[in-house]
Amino acid sequence: MTGFRRVAFILMMGGGASATGRAAAQTPTAAVMANAVVVTVGMTITTLRNLDFGTVIKGVATTVQPTAATAGSWQVTGSANAFVIITFTLPATLTNIQALPGSTMPITFNATAARWTRATNNAAAGTPFNPAVGIVGRLGPPPNPNLYVWIGGTVSPAAAAKPGIYRGNVILSLVYQ
Amino acid sequence: MRRVFAVAAILTLSGAALDAQGVMVAPHAVFIDHRLRGGSVLLYNPGTEPVEVTISTIFGYPVTDSTGAITLRTVDAPDSTLPSSLAWIQAFPRRLTVGPRERQTVRLLGRPPVGLADGEYWLRMVIAAQAGRVPISGVADTTAIQVGLTLEVRTIIGVNYRKGPVTTGLALSQLRAQIVGDSLITRARLERRGNAAFIGTIRQTLMDSAGRVLDSYQSPIGVYITMEPRLVNLISPSRLGRGRYWLRYEVVTEREDLDPTVVLKAPAVRDSVQVVVP
C-alpha cells in the first residue's frame, strides 16, 4: 500500500467511523458502505495567537519576545517532512486609526524576533531566525506533520505620541514546493 | 466524484482542528492538462469565524542559494524564455469569504496562446487569508495607546500546466555528507532534465560499515531548475561512534502527498558517499 493510499485508507476509516456512528444511532444493524478515494491532502495555516502588545506607555519601548505568551503564533499542517519557505512582510510603522493622518508609531523586528519548530508546539525550543530574511522550515514526520512559527517585536511610542489605536499588518507567507 | 471524496477527507481531517483561525488549501499543488485547461483548489474554513480570502498569481520557482537553502525566485514580468503561464491562467473568484465550516472552490482557467509549444508552464497561486486581528475593546482611557496588528497568512502553491508530451528526469552529482553533532548534513547537485519539473522525494539511508541500516530520511522535493539543496536530519541514535559510515542518496519520482497520476515518472537516480566520524 503506497503512502498516498495509506492516507486515503485512514481517512476513509475516519469518515466511515463517524458515519457509522450516526447510522448506528438510528438503525443498529445498518451498515455504511463507503467508497472513497482521497485525491490529495491539504495544507492549513492556522493562527493560534495574535501578536499583542496591548496598552503601551508613551516614551517607553515595549518588546514582545517570540517566546512570550503574547507573541504571534501559527501552526502549519501539511505533508510530512515537506519543506516550506517561511517569509514575513513586516510593517515599519503602525498608524493611529483614531487620530489625524500622519500619526504613527515605529515597530521593529530584530534578527531573532521569529522562531520556528518542527512537529512540536514549543517556542522555547524553536530555532530563532530573522523575520525580515525568512528561513526554510520543514514539517514534522508522521504522525505530527506540523510546523510552528512565532513572532515578537518592539513598538516604540514617542513621548508625544497621540493616544488611540495603532494598527499595522503582519503577513506570513509559506511557499510549498 | 473525486471532489466529493476530497471534501470528505478535508472534513475528516479538520475534525481535530484547533479553535483558531485559518483556512485549509487543497491540493497544495495543481496540475492542469492542456486538454481540460482548467483546475480547481478547495478552501475550507475549519474555524468559527469567517475568513476573507484573496487570490492572486505570481511567477516563481524554487532555487537554492549558496548555502543550499531553498528560496522562491520570483519574476515580476517573465519573458518568453521562461516557462510561465502567468499571462494566460486566471483564477476565479479573486476575492471571497469562506464562512465557518464552509468550503469554497477557486477555479483556474487556462487560455494559452495559439501555437503554444509542448511542455510544462508554471505559476504560483497565492491564497491570502485574513487570519485574525487583535481585538480592541474600546479605549476607555482616552489617553491610552493601544496596538493592534492585523495578521494575514499567504499560502503559495505551485500550478503546473502541461501541454503535449512532457518528460522529466534528474542528473545527480557532487554528493557530499558530513555528521555534525547529532545531525547528518548532505548536499548534492540536482540537475533537471526534460521539459517539466521533477516532483519527487529524496530518500537517504545511513548505514554502518557492515551495511546495517542505522536511519533513513525522506524529503519531498521539487526540482524546477538545477539546485543543490542542503538537507539536515537528526540522527537516531543521536550520537554515532567513531568510524566509517555510508550514506545512500536516492531521488525518486514518488510523492506520498500527491495523486500518483499527476506525478511524472522518471528513472530514479542514486549515489553513495562515505561519512567518517573522527
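Two strands pair if DSSP finds at least two bridges between them. Keep that cut-off in mind for this predicted model. Strand β7 of chain B meets it, because four bridges join β7(B) to strand β9 (residues 103–110) of chain B. These two strands run antiparallel. Within the pair, Q90(B) has L109(B) of β9(B) as its bridge partner. F92(B) stands opposite R107(B), again in β9(B).

Now look at the other neighbour of β9(B). Strand β3 (residues 38–44) of chain B is joined to β9(B) by seven bridges. This pairing is antiparallel too. Here S40(B) stands opposite R107(B). R107(B) therefore has a partner in each neighbouring strand: S40(B) in one pairing and F92(B) in the other.

Step back to the sheet that holds these strands. It is open and has nine strands, with antiparallel pairing. Follow the order from the chain A end: β9(A), β8(A), β11(A), β4(A), β1(A), then β1(B), β3(B), β9(B) and β7(B). Strands of both chains thus appear in one sheet, with β1(A) next to β1(B) in the order. The edges are β9 (127–129) of chain A and β7 (89–92) of chain B, each pairing on one side only. Neighbouring strands are turned by 20° against each other on average, direction ignored. What holds such neighbours together? Strands of a sheet pair through backbone hydrogen bonds, either parallel or antiparallel.

Next comes chain B as a whole. It contains one helix and 18 strands. Of its 278 residues, 40% are buried. Take the contacts in chain B with a separation of 6 or more: residues 24 or more positions apart account for 72% of them.

The domain assignment splits chain B in two. Domain 1 covers 2–163, and domain 2 covers 168–277. Where they touch, domain 1 of chain B gives 16 residues and domain 2 of chain B gives 13 residues. On the domain 1 side, β2 (29–33), β5 (60–64), β10 (119–133) and β11 of chain B each supply at least two residues. The largest share of that side, four residues, comes from β5(B). What is the character of the domain 1 side that touches domain 2 of chain B? Its residues divide into eight nonpolar, six polar and two charged.

A second open sheet belongs to chain B. Its four strands follow the order β15-β14-β17-β18, with antiparallel pairing. Here β15 (213–223) and β18 (269–277) are the edge strands, each pairing on one side only. The twist averages 20° from one strand to the next. Between the edges, strand β14 (residues 198–208) and strand β17 (residues 243–252) of chain B pair over eight bridges, in the antiparallel sense. One of the partnerships there links L206(B) with L247(B) in β17(B).

Finally, turn to the packing. The largest nonpolar core has 103 residues. Which members touch the most others? They are V84(A), V149(A) and L174(A) from chain A, with V23(B), V25(B), L43(B) and V159(B) from chain B. Strand β11 (residues 145–163) of chain B gives this core its largest share, nine residues.

L43(B) ties the themes together. Residue 43 falls within β3(B), residues 38–44. Leaving aside residues up to four places away in sequence, L43(B) touches V23(B), M24(B), V25(B), V53(B), V98(B), R103(B), Q104(B), V106(B) and I127(B). Among them, V23(B) and V25(B) are also on the list of core members with the most such neighbours.

Conventions:
Residues are numbered from 1 along each chain as its sequence is written. Chains are lettered from A and ligands numbered from 1 in the order in which they are written. This is a predicted model: local features need pLDDT of at least 70, side-chain atom pairs count only at pLDDT 80 or more; totals for chains, interfaces and linings use all residues. Axes are lines fitted to C-alpha atoms, for helices over the stretch in contact, and angles run from 0 to 180 degrees between N-to-C directions. A nonpolar core is a set of buried Ala, Val, Leu, Ile, Met, Phe, Trp, Tyr and Cys residues joined through C-beta atoms within 7 Å. A residue is buried if 20 or more other C-beta atoms lie within 10 Å of its own, exposed if 12 or fewer, and partly exposed in between; C-beta atoms are placed from the backbone. Two residues are in contact if their C-beta atoms, placed from the backbone, lie within 7 Å. Domain bounds come from an automatic or database domain assignment. Ala, Val, Leu, Ile, Met, Phe, Trp, Tyr, Cys and Pro count as nonpolar, Asp, Glu, Lys and Arg as charged, and the others, Gly among them, as polar.
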